[in-house]
Amino acid sequence: SSISSIGSSHHRSELLYRCVQWMWEVWHLYNYLIGQLELTDLVTGPKLFFSCPVEASDPENVCSWLSNLWNHRMVPFIEGQLQSKLGTRAISELFHALIQHV
């Protein structure tokens, strides 16, 4: 193995770690904030992430998968559920709190 392949392998591992760590933190923060609002039926478990293609050789795929999960599944679900339970103002306040911590 050459020096350049070791460096690129380290970069891929670091990127993979940062992507997974970010999603883990967002997931826990989301569940914490939902718990503070006493909306325990909106808490999500790890099952949501089981189909993530975690491969150290392709961290961009993992990051893309996590981004799509967040943007196209979680955010619309959260917005819809919160709007029906709390109204638009609560959604704005929750997302503001979430964004400030991410």
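## Buried residues, disulfide and largest pocket

Asn 31 counts as buried, because its relative accessibility is 16% and the cut-off for burial is under 20%. The model that gives this value is predicted. Asn 31 belongs to helix α1. When residues up to four places away in sequence are not counted, Asn 31 touches Val 43 and Thr 44.

Thr 44, one of those two partners of Asn 31, is placed in the loop between α1 and α2. Its relative accessibility is 16%, so Thr 44 counts as buried. With neighbours within four places in sequence left aside, the contacts of Thr 44 are Trp 27, Tyr 30, Asn 31 and Met 74. The pair Asn 31 and Thr 44 thus appears in the contact list of Asn 31 and in that of Thr 44.

**The chain as a whole**

The secondary structure of the protein chain consists of 3 helices and 0 strands, and the pattern read along the sequence is α-α-α. The protein chain has 102 residues, of which 30% are buried. If contacts between residues at least 6 apart in sequence are taken, 58% of them join residues at least 24 apart. The exposed surface of the protein chain comes to about 6,700 Å², and 56% of this is supplied by carbon and sulfur atoms.

Leu 16 is a further residue of helix α1. Its relative accessibility of 12% makes it buried. Leu 16 and Ser 57 are 41 residues apart along the chain, and 9.0 Å separates their C-alpha atoms.

**Cysteines**

A disulfide is a covalent bond between the sulfur atoms of two cysteines. The structure contains 1 disulfide. The partners are Cys 19 and Cys 63, with an S to S distance of 1.6 Å. The torsion about this S-S bond of Cys 19 and Cys 63 is about 75 degrees, and the disulfide is therefore right-handed. The pair links distant parts of the chain, since Cys 19 sits in helix α1 and Cys 63 in helix α2 (residues 59–85), 44 residues apart. Cys 19 is buried, at a relative accessible area of 12%. Cys 52, in contrast, takes part in no disulfide, and the nearest cysteine sulfur, which belongs to Cys 63, is 8.9 Å away. Cys 52 is also buried, with a relative accessible area of 14%.

The buried residues discussed here are listed below.

| Residue | Relative accessible area |
|---|---|
| Leu 16 | 12% |
| Cys 19 | 12% |
| Asn 31 | 16% |
| Thr 44 | 16% |
| Cys 52 | 14% |

**Largest pocket**

The largest pocket holds about 160 Å³ of space. Its lining consists of Val 20, Met 23, Trp 24, Trp 27, Pro 46, Phe 49, Cys 52, Val 54 and Leu 66. By class, this lining has 9 nonpolar residues, with no polar and no charged ones. Helix α1 (residues 3–36) provides the largest share of the lining, 4 residues.

Two lining residues of the pocket were met above. Trp 27 is part of the lining and is also among the contacts of Thr 44. Cys 52 lines the pocket as well, and it is the cysteine in no disulfide described earlier.

Notes. Residues numbered from 1 in each chain as written. Predicted model: local features only at pLDDT ≥ 70, side-chain atom pairs only at ≥ 80, totals over all residues. Heavy atoms only, no water. 1 Å grid on protein atoms, 1.4 Å probe; cavity = no way out; pocket = protein on both sides within 12 Å on 5 of 7 lines; lining within 4 Å. Points joined across faces, edges and corners; volume = space filled by probe spheres on them. Helix = DSSP H or I, 4+ residues; strand = E, 2+ residues; numbered from the N terminus. Nonpolar A, V, L, I, M, F, W, Y, C, P; charged D, E, K, R; others polar. Disulfide = S-S within 2.5 Å. Buried < 20%, exposed > 50% of the residue type's maximum accessible area, 1.4 Å probe, protein only. Contact = heavy atoms within 4.5 Å. Areas by Shrake-Rupley, 256 points an atom, 1.4 Å probe, with all protein chains shown as cover.
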